[in-house]
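Please open the structure in your viewer and keep the selection tool handy. We will go from stop to stop, choosing a few residues each time.

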Amino acid sequence: ALPKVYVTQRILKEGMDLLNGHVDYKMWRGEGAPDRATLLREVQDVEGLLSMPANAIDDELFSHAPKLKVVSQHAVGFDNIDIEAAKRHGIMICNTPDVLTDATADLAFTLLLAAARRLVECSEYLRRGQWTTWYPDMWLGMDTAGKKLGIVGFGQIGQAVARRAKGFGMSICYYNPSAKPAAEKELGAQRVSLDKLLQTSDYVTLHCPLKDETRSLIGERELRMMKPTAILVNTSRGLVVDQKALCKALSEKWIWAAGLDVFAKEPVPLDEPLLTLPNVTVMPHMGSATYDSRGGMSRLAAQNLIDALEGRQPLYVVNP
Ligand code: GLV
Ligand code: GLV
């Protein structure tokens, strides 16, 4: 018999085609992600779980899944998974880096430019019928050429953003636990402290994973260090930023604008005060949301799962 697998949300056809013939899979077909009780029930007799960031994968879940061997996460980030608990239960965790690097970097740059040029505000102004005249100081925004981009987290995605920024004539500095000499050379990027990055950058973009060291990395102290003309872009995880402090920073103009794809709570509640601010450009967690990228993620998540269950070493294991 084929190994039993549960897939927590519908994946693209490319991924399902791979699963067919290799595993006996059941997939959540409801809206969004399965609720906790459903998930705990569905994992009871599975050897594999294809998971998404929306569900917490923790010690309690592992205790409900005595046959579970592998969790294959359909995402690069895996902060929803308790890696220590997985280790204790002897469960392999996989993820899907690389295939979403360029799409996510594109979205970060999209938010950067949209915030800089007030794309959404201007578009709404036009559609409301308020564009009745043209004048030289209407809706002025910020330049990119000659400005400094500070990149927090200089992994694959951070470096892909740097490559785009270089093409726009920006200078680049980064903050990362380790030095990246090859990327420094390629992109002319300078490694600096977080404080220096915040104090000197015209744009700050976040590309670090969410973990203990990065939770609320950008709080009131950090926001107060930034230039009043600075723009903050976040396509990583909402909890890397203290969202309350960010709201204060944007409404009191400690910084000029923000472009956000991620939030402390997702979907973001409509009464979130950030959403009332005109200088905030928002997207509903869409970093990897392209046909190519999501196709690649579904294929990779399926392949990692199959490899683990068939006794081969998957391409991307988080806890080798
Ligand atoms: C999405 O947020 C991911 O981590 O891939
Ligand atoms: C504006 O449209 C210009 O031509 O400068």
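Is aspartate 59 buried, partly exposed or exposed? Before you select it, please note that this is a predicted model. With a relative accessible area of 30%, aspartate 59 counts as partly exposed, because that class lies between the cut-offs of 20% and 50%.

**Stop 1: aspartate 59 and its partner**

Keep aspartate 59 selected and add arginine 88. The two form a salt bridge, and 3.3 Å separates their closest N and O atoms. Aspartate 59 belongs to helix α3 (residues 59-63) and arginine 88 to helix α4 (residues 83-89), so the pair links distant parts of the chain, 29 residues apart. Colour by accessibility and the partners fall into separate classes: arginine 88 is exposed at 60% relative accessibility, while aspartate 59 is partly exposed at 30%.

**Stop 2: from helix α7 to helix α5**

Next, select arginine 164 and aspartate 106. Here the salt bridge has its closest N and O atoms 2.7 Å apart. Arginine 164 sits in helix α7 (residues 156-167) and aspartate 106 in helix α5 (residues 101-116), with their positions 58 residues apart in the chain. Aspartate 106 is partly exposed, its relative accessible area being 40%.

**Stop 3: a salt bridge between strand residues**

Now choose aspartate 24 and lysine 4. Their side chains meet in a salt bridge, with an N to O distance of 3.8 Å. Aspartate 24 lies in strand β2 (residues 24-27) and lysine 4 in strand β1 (residues 4-7); they are 20 residues apart, and the pair links distant parts of the chain. Both ends are partly exposed, aspartate 24 at 38% relative accessibility and lysine 4 at 36%.

While you have charged side chains on display, add Lys26, Arg41 and Glu42. Salt bridges with shared partners join these residues into one network. The count for the model comes to 21 salt bridges.

**Stop 4: strand β3 and its neighbours**

Select residues 48-51, which make up strand β3. What covers its two faces can wait; look at the side chains themselves. Gly48 and Leu50 are on one side, Leu49 and Ser51 are on the other, and all of them are buried. Both faces of the strand are covered.

Now bring in the strands that pair with β3. Strand β1 runs parallel to β3, and 3 bridges join them. Strand β4 (residues 70-73) is also parallel to β3, joined to it by 4 bridges. Centre the view on leucine 49 to see both pairings: tyrosine 6 stands opposite leucine 49, and valine 71 is the bridge partner of leucine 49 in β4.

**Stop 5: ligand 1**

Finally, select ligand 1 and show the residues around it. Which residues are they? The shell consists of Ala75, Val76, Gly77, Leu100, Arg237 and His285. By class, these divide into 3 nonpolar, 2 polar and 1 charged.

Switch on distances to look at the polar contacts. An oxygen atom of the ligand is 2.8 Å from a polar backbone atom of valine 76, and an oxygen atom is also 2.8 Å from a polar backbone atom of glycine 77. At histidine 285 the contact involves the side chain, with one of its N or O atoms 2.6 Å from a ligand oxygen. On its own, ligand 1 has 190 Å² of accessible area, and the protein covers 87% of that.

How values were computed: Residues are numbered from 1 along each chain as its sequence is written. Chains are lettered from A and ligands numbered from 1 in the order in which they are written. This is a predicted model: local features need pLDDT of at least 70, side-chain atom pairs count only at pLDDT 80 or more; totals for chains, interfaces and linings use all residues. Side-chain values use heavy atoms; hydrogens and water are left out. A salt bridge is a side-chain nitrogen of Lys or Arg within 4 Å of a carboxyl oxygen of Asp or Glu. Helices (H or I, at least four residues) and strands (E, at least two) are DSSP runs, numbered from the N terminus. Buried means under 20% relative accessible area, exposed over 50%, partly exposed in between (1.4 Å probe, protein chains only). A residue is near a molecule or strand if one of its heavy atoms lies within 4 Å of it. A polar contact is a pair of N or O atoms within 3.5 Å; within protein, one must be able to donate a hydrogen and the other to accept it, and residues adjacent in sequence count only if both atoms are side-chain atoms. Accessible areas come from the Shrake-Rupley method with a 1.4 Å probe; for residues, only the protein chains shown count as cover. Ala, Val, Leu, Ile, Met, Phe, Trp, Tyr, Cys and Pro count as nonpolar, Asp, Glu, Lys and Arg as charged, and the others, Gly among them, as polar. Two strands pair if DSSP finds at least two bridges between them.
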